[in-house]
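Colleague: I am new to this structure and would like to understand the reasoning behind the words used for it. Could we go through them together, one at a time?

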Amino acid sequence: MVRLSMRKCILSLLFLVGLANCAFAQEFRFTTTVSSNTVALDESFQIQFMLENGVNITGLTLPDLKDFDIVQGPFEQRGQSIMNGRRSEYYAVLFALRPKRLGSFTIPAAQARVNGNLVKSNPVLVEVKKASSQAQQQMQQQMQQLQQQQQQGTGAYAPRNRGGDEAVDGILRKGENVNEKLRKNIFVKVEVDKTNLYEGDQLTATYKLYTRLPTNSSVTKVPAFKGFSAKDIDLPNPPQPTEEVVNGVPFKVFTIRKTLLFPLQSGTLELEPVEVDNQVRLVKIVQNKHNKGGSGRDPFEDFFNDPAFKDPFYDDFFNRADVEYEDVPYKTQCNPVNITVKPLPAEGRPESFNGAVGKFTMDAVVDKTKLSTDDALTLKVTISGQGNVNLLNTPKLNVPTGFEKYDPKVTDNIEKNSNPLSGSRTFEFVLMPTEAGNHVIPAVEFSYFDPVANTYKTVKSAPFTIAISQGKKVKSEKQDFSVGRNELTNIEYGILPWVKKQTWFITSPLFYGLLLLPLLVFAGMTYYKRRKDYNTTNAALLKHRYANKVALKRLELAARYLKEGKDKAFYEETSRAVWGYLSHKLKIPFADLSKQLIQEKLAARSINGSNTSELFELIDNCEVALYAPGQDNRRMQGTYEKAVSIISNLEDALKN
């Protein structure tokens with residue numbers, strides 16, 4: 001038995017180590033990538049060594065690049081990105097290389113020390129070929145077009161290839177106004193599918209960044225959507241550009257935000273602008289030795305004859321002797337948009353209408369038609385369709401006197417990224433029968449306003465006939481207070497039998513109780529002192545034991561902020577409750593808390609999967625909400641319920 005137990009312990013330990021290694025492998029990556037695995041002898045290409053989600057990166061050793069000339073580099077890049085609600089960090093080193101000779105060359109793996117462990121990237125194969133005659137002919141044709149454009153004075157200096165227009169627009173020529181150049185080539189625009197609609201109807205707002213310049217952009221202000229209920233559509237991360245032609249000029253377009261909006265009030269509502277900070281890299285061509293003599297030769301001609309310009313990573317070659325670049329900050333914002341919201345018509349409004357706008361269907365069913373007074377009946381009403389599904393109110397339910405009705409359970413099933421918003425909301429009513437017999441539950445009626453047909457529509461279910469038999473529970477009769485049923489009892493005269501007789505104090509229990517009182521006080525003080533000493537010496541253990549109670553107490557304060565509409569205070573208190581619970585429960589000092597350490601601690605306790613993913617998603621949502629105020633109350637309510645559920649699930653898992 002002892003040998004078997006030892007074997008089980010060893011296997012469990014190996015399993016936990018494997019889980020920890022798998023979690024680390026999913027988070028951390030060390031890769032080597034090149035812009036192209038096949039290059040010409042006179043072409044340049046880019047190589048990148050990237051470490052993602054590395055901790056304590058030290059001692060990065062790059063491979064031997066003896067078969068290549070380093071044109072530029074090394075360049076270091078650090079940053080972070082958010083994908084599906086999870087934040088990742090990266091560190092990259094980049095080079096621009098040019099091959100020395102023909103052949104196939106393997107660039108060895110780079111090495112780095114991450115958190116004390118030696119890790120390696122993947123090797124990369126690069127094949128160097130001769131430049132094709134077709135490529136040379138294309139280059140000659142481009143140069144001929146360039147010369148023709150220069151002679152015609154069109155000012156278009158770039159060949160018509162992918163990325164070429166952006167490169168030329170990024171060149172700042174002598175005497176050119178910087179602000180005017182930025183204004184024409186970078187702007188933000190909001191597109192709405194309608195500006196005149198009914199209250200509760202849907203409109204879609206899409207915020208886009210248009211650019212023809214190389215820029216690094218970040219959104220610094222997002223609209224609050226006051227007067228609207230908002231639901232964002234998930235966008236690819238990182239953003240994928242598209243191309244649009246504006247006034248005959250092609251632009252790269254990045255969708256910043258796409259939101260489904262439902263006006264909550266009538267009148268004129270304003271969509272606030274979004275603000276974007278840009279760091280625009282503008283290039284200046286410095287006259288070289290060829291132009292110092294005043295030969296009149298265009299300095300751009302040598303620039304475009306450079307083979308580096310043909311490389312898709314040409315932007316990295318602007319740090320040449322005859323080229324200077326300048327990073328110019330530029331803030332831009334779109335214009336606000338006014339939305340006219342009409343009130344819903346009062347004429348023809350049904351009594352069962354409670355704010356639904358769109359196009360819906362309804363399904364109402366009961367789980368049973370025969371039961372006893374000891375059972376419960378569930379009436380499920382499902383409303384499906386397109387419109388403000390997330391704002392549907394509880395339909396009115398007329399229940400006969402033979403039932404007791406409880407508040408319904410509400411469940412949403414919203415189709416992800418649907419536009420218009422589509423899905424269903426289910427209301428589950430629990431009905432408790434109180435009387436035997438045949439009872440009829442009237443038909444459930446639901447009304448909505450159809451903005452396309454500009455009229456109200458009503459759907460009904462069939463009535464439900466319920467047969468109820470008498471169970472073990474008997475209905476209590478109401479107390480009768482009629483005449484003759486509420487008389488006083490007879491008055492008794494004389495000494496009643498329960499009156500105590502006179503006794504001596506020394507023989508009473510109170511006397512002996514007073515004698516024991518000093519001993520009880522001494523025992524109580526001794527217990528209190530030992531308990532206090534125990535609490536002092538075992539503070540960490542007590543924090544561990546009562547971590548769940550402390551977290552739920554903090555969430556009660558967060559619930560109060562939720563009711564008061566204080567979104568920032570709500571997310572701060574929710575985040576504080578989650579981090580405090582993890583610090584106390586996992587016995588980690590608050591200053592040392594990190595996602596990786598928490599994941600390692602949970603993995604060591606065989607806790608992984610949805611528990612950890614939902615936990616980190618909740619933490620990320622709280623962090624993002626702190627920097628993007630104006631969250632709606634329904635989203636805050638969902639965050640609060642998710643926090644309570646996650647802490648309760650972790651508490652159960654850690655107990656087991």
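Modeller: Let us begin with a strand pairing, keeping in mind that this is a predicted model: Glu270 stands opposite Asn338 in β21.

Colleague: How do you know that β18 and β21 are paired, and in which direction do they run?

Modeller: Two strands count as paired when at least two bridges are found between them, and five bridges join β18 to β21, residues 337-342, with the two strands running antiparallel. In general, strands of a sheet pair through backbone hydrogen bonds, either parallel or antiparallel.

Colleague: What makes β12 and β18 the edges of their sheet?

Modeller: The sheet is open and has three strands in the order β12-β21-β18, with mixed pairing. Because β12 (196-198) and β18 (267-271) each have a single partner strand, one side of each is left without a neighbour in the sheet. Neighbouring strands here are turned by 35 degrees against each other on average, with direction ignored.

Colleague: Why is Tyr90 called partly exposed?

Modeller: The partly exposed class lies between the buried limit of under 20% and the exposed limit of over 50%, and Tyr90, at 28% relative accessibility, therefore falls into that class. Tyr90 lies in strand β6, residues 86-99, and its C-alpha atom is separated by 7.4 Å from that of Gly54, although the two are 36 residues apart along the chain.

Colleague: How do you know that the buried residues of α4 line one face of the helix?

Modeller: In α4, which covers residues 178-185, the buried residues are Lys181, Leu182 and Asn185. Seen down the helix axis, these buried residues fall within an arc of 95 degrees, so they line one face of α4. The face turned away from that buried side carries the exposed residues Asn179 and Lys184. At the start of α4, a side-chain oxygen of Asn177 also comes to within 3.0 Å of the backbone nitrogen of Asn179, which meets the 3.5 Å limit for a polar contact.

Colleague: What makes the end-to-end distance of α10 agree with that expected for a helix?

Modeller: At 1.5 Å a residue, the 19 residues of α10 (567-585) should span 27 Å, and because the end C-alpha atoms are 27 Å apart, the two values agree. This helix is mostly covered, with 14 of its 19 residues buried, and it is followed by Lys587, whose phi is positive, near 60 degrees.

Colleague: Which residues are called a transmembrane region, and where does that name come from?

Modeller: The name comes from UniProt, where an unreviewed entry places the feature at residues 510-528. In the model, the chain over residues 510-528 is 100% helix and 0% strand, with its end C-alpha atoms 26 Å apart.

Conventions
Residues are numbered from 1 along each chain as its sequence is written. This is a predicted model: local features need pLDDT of at least 70, side-chain atom pairs count only at pLDDT 80 or more; totals for chains, interfaces and linings use all residues. Side-chain values use heavy atoms; hydrogens and water are left out. Helices (H or I, at least four residues) and strands (E, at least two) are DSSP runs, numbered from the N terminus. The expected span of a helix is 1.5 Å times one less than its number of residues. Buried means under 20% relative accessible area, exposed over 50%, partly exposed in between (1.4 Å probe, protein chains only). The arc is that of the directions from the helix axis to the C-beta atoms. A polar contact is a pair of N or O atoms within 3.5 Å; within protein, one must be able to donate a hydrogen and the other to accept it, and residues adjacent in sequence count only if both atoms are side-chain atoms. UniProt positions are given in the numbering used here, feature names are shortened, and annotations may be inferred rather than shown by experiment. Axes are lines fitted to C-alpha atoms, for helices over the stretch in contact, and angles run from 0 to 180 degrees between N-to-C directions.
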